[in-house]
Amino acid sequence: MDPQTTPTETNGEIHEQVARRLAHAEQRYTTSRRRLVEALHHAGRPLTAPEITELAPDLAQSSAYRNLDVLEQCGVVRRISAGPEHTHFELAEPLLGHHHHLICVTCGTIADVHLDDEIESLVDQRLGEAASAAGFTPLHHTLDLHGHCAECSNP
């Protein structure tokens with residue numbers, strides 16, 4: 001169902017893939033969009049828009065939001081919601097590699113989770129079986145586990 005993707009290894013490869021995705025959607029790979037991609041790539045974790053603008057202070061927050069929307073529509077960025085006040089952004093799976101998330105519903109912290117190949121294969125198989133039984137054609141899956149992080153569980 002969802003082949004295990006391999007993360008892109010170099011910054012140059014990421015920029016090439018992003019440029020192709022944007023060109024396919026008839027969008028330009030502007031300096032602002034490049035700065036957003038670089039901030040997300042170098043952070044190595046999902047970021048909020050304010051965190052992104054802290055890492056790229058030359059970007060106006062309004063410009064960052066507009067460009068994040070374009071990058072999301074073009075499949076470059078994934079939006080992760082941890083509640084109405086905790087929206088994070090990360091590079092999309094083809095750029096970052098397949099993984100899942102632990103999301104704290106109290107503080108909005110998001111941690112990446114990588115399952116081993118055997119478990120990922122089993123998840124794909126079971127989801128594929130459920131989809132087939134429902135006459136559903138799957139494209140990919142995401143698994144986000146919502147709960148309380150260690151800090152919020154033990155006040």
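This is a short tour of a predicted model, from its nonpolar core to its cysteines.

**Stop 1: the core.** Select Val18, Val37, Leu40, Ile52, Leu68 and Val76. The largest nonpolar core has 23 residues, and these six touch the most other members. Now color the elements that give two or more residues to this core: α1 (11–24), α2 (31–43), α3 (49–55), α4 (61–73) and β2 (87–91).

**Stop 2: valine 76.** Center on Val76 and show its neighbors. Leaving aside residues up to four places away in sequence, valine 76 touches Val18, Arg21, Val37, Leu71, Glu90, Leu91, Ala92 and Leu95.

**Stop 3: α2 against α4.** Show these two helices alone. Their axes come within 10 Å and cross at roughly 80 degrees. Angles of 65 to 115 degrees count as roughly perpendicular, so α2 and α4 are roughly perpendicular to each other. Next, select the residues that meet. From α2, take Ser32, Arg33, Leu36, Val37 and Leu40; from α4, take Ser63, Ala64, Asn67, Leu68, Val70 and Leu71. By class, this contact has seven nonpolar, three polar and one charged residues.

**Stop 4: the cysteines.** Select cysteine 149 and cysteine 152. Why is there no bond between their sulfurs? The sulfur of cysteine 152 is the closest cysteine sulfur to that of cysteine 149, but the distance is 3.6 Å, too far for a bond. A disulfide needs the two sulfur atoms within 2.5 Å. The disulfide count comes to zero.

Compare how covered two cysteines are. Cysteine 74 counts as buried because its relative accessibility is 12%, under the 20% cut-off. Cysteine 149, at 21%, counts as partly exposed.

Methods:
Residues numbered from 1 in each chain as written. Predicted model: local features only at pLDDT ≥ 70, side-chain atom pairs only at ≥ 80, totals over all residues. Heavy atoms only, no water. Buried < 20%, exposed > 50% of the residue type's maximum accessible area, 1.4 Å probe, protein only. Core = buried A, V, L, I, M, F, W, Y, C linked by side-chain atoms within 4.5 Å. Helix = DSSP H or I, 4+ residues; strand = E, 2+ residues; numbered from the N terminus. Contact = heavy atoms within 4.5 Å. Axes fitted to C-alpha atoms, helices over the stretch in contact; angles between N-to-C directions. Parallel < 35°, antiparallel > 145°, perpendicular 65-115°, else oblique. Nonpolar A, V, L, I, M, F, W, Y, C, P; charged D, E, K, R; others polar.
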